[in-house]
Structure formats: C-alpha cells, structure tokens
Amino acid sequence: MIRSADTRRTVSGNSRKKAGADAFKEFDASQLYCPRCKRAVPVRKRLLLVLSEGDKYEYLCTFCSESVGTKIDRKAKPSTIIR
Ligand SMILES: [Zn+2]
C-alpha cells in the first residue's frame, strides 16, 4: 500500500488545527541543523529532482534558505513489479 500522503500528514502533526496553522504548513520534516544559523531550524521541503527510484527533495532552512539536507522519497513503482 502506498501511503505517501499519509506519511506527510503525520510528520507535520495532526494536532495542528486549520486556524492559524497556515504558516506551519510547509514545515514538513523535523528540525535540522543549519550550519549558517548554527542551530536546529525548521525546514522547508522542496522538490529537487524526479528520479526513477523516487522524488529527491531538498530541505531548506526557513530563516536563511541554506540547504541543510536532501532526501529521496522512494515510491513503490508498480511498473517495476513484473508478474
Ligand atoms: Zn539557516
């Protein structure tokens, strides 16, 4: 079962209600260390590349937009499963 949408929702937290939470909508991952801010910062997730094995995302510091990490969201591709 593919649950990528579910995963994203879980990370950002279900406890946040709609009202007033718009600013936090993009805070997708947990905080990462930013070398420029020299502290753990909330990050923004940005789609970098679409690869055959999944989508590559970049995490940017919300304060200085420094890239603080990348991640590949692997998706189970039905086409790779040969029956
Ligand atoms: Zn920063």
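Q: Which residues is Leu60 in contact with, leaving aside its neighbours within four places in sequence?
A: This is a predicted model. Contact here means C-beta atoms within 7 Å. By that rule, the partners of Leu60 are Val43, Arg44, Arg46, Ser65, Glu66, Ser67 and Val68.

Q: Which strand gives the largest share of the largest nonpolar core?
A: The largest nonpolar core has eight residues, and Leu60 is one of them. The others are Cys34, Val41, Val43, Tyr57, Tyr59, Cys61 and Val68. In soluble globular proteins, nonpolar side chains tend to be buried together. Four residues of this core, its largest share, come from strand 4.

Q: How many bridges join strand 4 to strand 5?
A: Strand 5 covers residues 67-74. The two strands run antiparallel. The number of bridges joining them is seven.

Q: What is the bridge partner of Tyr59 in strand 5?
A: Tyr59 belongs to the largest nonpolar core. Strand 4, residues 54-61, takes in its position. Across in strand 5, its bridge partner is Gly69.

Q: Which residue takes a positive phi in the hairpin of strand 4 and strand 5?
A: Five residues lie between the strands of this hairpin. One residue there has a positive phi near 65°. That residue is also in contact with Leu60. It is Ser65.

Q: In what order do the elements of the chain run from the N terminus on?
A: The chain has one helix and five strands. The helix comes ahead of the strands. The order is α-β-β-β-β-β.

Q: What percentage of the residues in the chain is buried?
A: A residue counts as buried if 20 or more other C-beta atoms lie within 10 Å of its own. The chain has 83 residues. The buried part is 10%.

Technical notes: Residues numbered from 1 in each chain as written. Predicted model: local features only at pLDDT ≥ 70, side-chain atom pairs only at ≥ 80, totals over all residues. Buried ≥ 20, exposed ≤ 12 C-beta atoms within 10 Å, placed from the backbone. Core = buried A, V, L, I, M, F, W, Y, C linked by C-beta atoms within 7 Å. Contact = placed C-beta atoms within 7 Å. Pairing = 2+ DSSP bridges.
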